[in-house]
Amino acid sequence: MTAQNSATAPQRIAVATPPGTTGGTGTLQAALGVTAFSLTFPATAWGLEGFGPWSLVAVRSVLAALIAGTCLLALRVPLPDRRHVAGLAVVAAGVVVGFPLLTTLALQTSTTAHAAVVVGLLPLTTALFSALRMGTRPSRTFWTAALAGAAAVVAFTVQQSGGALTTADLYLFAALLVCAAGYTEGGRLARVMPGWQVIGWALVLCLPLSVPAAALALSYEPAQLTAHSVAGLLWVAVGSQFLGLVVWYRGMAAIGIPKASQLQLAQPLLTLVWSVLLLGEHLTVAAPLTAAAVLVCIAVTQRARG
């Protein structure tokens, strides 16, 4: 669909995939988003070495918003239509503020392995939100594979944490719900505007809140700039908060929210790999078995017809 046709036929935009994006490209973009997200928890752990939880979240939001805002201004992107503002607010509340804040608070007392429970449940929760919000009806095979994959990931991550539930679980489960809502709404909006503009406008929308929040948080939580804390901050701001979401929303728009969300079944395992390499954590022999089970579930959900 050309730009001219887009301007004259808005009723058809809602079902269009991003220009030049095929199913294979969409899957690749969603997978790149998952890879970027898999580094979020280890990077957050690094960031917490020099920043308090509130200052880390606020500063990452400001930095990501400045990058997004600069891109929007440089490309002279027009303001989003009023009918999209409510959806952008949901994305902002869930993906820009809610999930980063709640998981960062959880990671003060939780290991990255335990926090990966959230990511293990996120694909199923996102698919459920999608079914409720957009009326999608995935097949029974899809749901069976999704539930099996989620169960495998949850069992693995709980086993990694010793089977003990912590007070951080309340933060993690709340983060799961708000992030699934933000992903669903972002995936819907990515069908009518480029994915990078979805997260870009959501970040800019938060600036009136994130700038004073960053100033206030830094006054109470003075930062200690180290190589780890700076690297962690930069990754969660640029990689997780902006670039990862750009390709993730484009991927969801191309292949559908339920199928894209199932690629996240691999995210906890990727996170554990990064945790070993970056944080020195140790994996058990259950890791390759769970990885094989997750890959089978992903293959089934990608082939299942909704």
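Student: Why is Leu216 called exposed?

Tutor: The model is a predicted one, and in it Leu216 has a relative accessible area of 53%. The term exposed applies over 50%, so with 53% Leu216 is exposed.

Student: Where does Leu216 lie, and how far is Leu216 from Ala58?

Tutor: Leu216 is placed in helix H9, residues 195-220. In sequence, Leu216 and Ala58 are 158 residues apart, while their C-alpha atoms are 9.4 Å apart in space.

Student: What makes Ser130 a buried residue?

Tutor: Buried means under 20% relative accessible area. Ser130 is at 0% relative accessibility and therefore counts as buried. Ser130 sits in helix H6, which runs over residues 112-134. With residues up to four places away in sequence left out, Ser130 touches Gly135, Thr136, Thr184, Ile257 and Pro258.

Student: Which class does Thr104 fall into, buried or exposed?

Tutor: Thr104 has 0% relative accessibility; since buried means under 20%, Thr104 counts as buried. Thr104 belongs to helix H5. Not counting residues up to four places away, Thr104 is in touch with Thr44, Leu48, Pro53, Leu56 and Val57.

Student: What makes H5 a mostly covered helix?

Tutor: Of the 22 residues of H5, 16 are buried.

Student: How do you know how the length of H5 compares with the expected span?

Tutor: The first and last C-alpha atoms of H5 are 30 Å apart, and the 22 residues are expected to span 32 Å at 1.5 Å a residue. The value of 30 Å is close to that expectation. H5 also bends by about 40 degrees at Gly98, and within four residues a proline follows, Pro100.

Student: How do you know whether H4 agrees with its expected span?

Tutor: H4 has 22 residues, which should span 32 Å at 1.5 Å a residue. Its end C-alpha atoms are 32 Å apart, so the two values agree.

Student: What makes the phi of Arg76 worth a remark?

Tutor: Arg76 is not a glycine, although its phi is positive at about 55 degrees. Most residues other than glycine have a negative phi. Arg76 comes just after H4, in the loop between helix H4 (53-74) and H5.

Student: Why does Arg76 count as exposed?

Tutor: Its relative accessibility is 76%; as exposed means over 50%, Arg76 counts as exposed.

Student: Why is the pair of Phe41 and Phe99 called stacked?

Tutor: The structure holds five aromatic pairs. In the pair of Phe41 and Phe99, the planes are 20 degrees apart, and the centres are 6.5 Å apart. Planes under 30 degrees apart count as stacked, so at 20 degrees this pair is stacked.

Student: What makes this a pair that links distant parts of the chain?

Tutor: Phe41 is in helix H3 (residues 40-47) and Phe99 is in helix H5 (residues 85-106), with their positions 58 residues apart in the sequence. Both Phe41 and Phe99 are buried.

Student: Why is the pair of Phe142 and Trp143 called edge-to-face?

Tutor: The angle between the planes is 90 degrees, and edge-to-face means over 60, so Phe142 and Trp143 form an edge-to-face pair. Their centres are 5.7 Å apart. Phe142 and Trp143 are both buried.

Student: Which residues do ring pairs link into a cluster?

Tutor: The cluster consists of Phe37, Tyr183 and Trp248. Beyond its neighbours within four places in sequence, Trp248 has contacts that include Phe37, Tyr183, Gln29, Ala260 and Gln264.

Student: Which residues touch the most other members of the largest nonpolar core?

Tutor: This core has 64 residues, and those with the most contacts to other members are Tyr183, Val198, Ile199, Leu203, Leu245, Trp248 and Tyr249. Helix H10 (residues 227-255) gives the most to this core, nine residues. A second, separate core has seven residues, including Phe51, Ala58, Val59 and Leu233.

Student: How many helices and strands does the protein have, and how much of the protein is buried?

Tutor: The protein has 13 helices and zero strands. Of its 306 residues, 52% count as buried. The exposed area is about 13,600 Å², of which carbon and sulfur atoms supply 69%. Among contacts with a separation of 6 or more, 92% join residues 24 or more positions apart.

Note on methods
Residues numbered from 1 in each chain as written. Predicted model: local features only at pLDDT ≥ 70, side-chain atom pairs only at ≥ 80, totals over all residues. Heavy atoms only, no water. Helix = DSSP H or I, 4+ residues; strand = E, 2+ residues; numbered from the N terminus. Buried < 20%, exposed > 50% of the residue type's maximum accessible area, 1.4 Å probe, protein only. Contact = heavy atoms within 4.5 Å. Phe/Tyr/Trp six-rings, centres within 6.5 Å; stacked < 30°, edge-to-face > 60°. Expected span 1.5 Å × (residues − 1). Bend = angle between axes of the 7 residues up to and from the residue. Core = buried A, V, L, I, M, F, W, Y, C linked by side-chain atoms within 4.5 Å. Areas by Shrake-Rupley, 256 points an atom, 1.4 Å probe, with all protein chains shown as cover.
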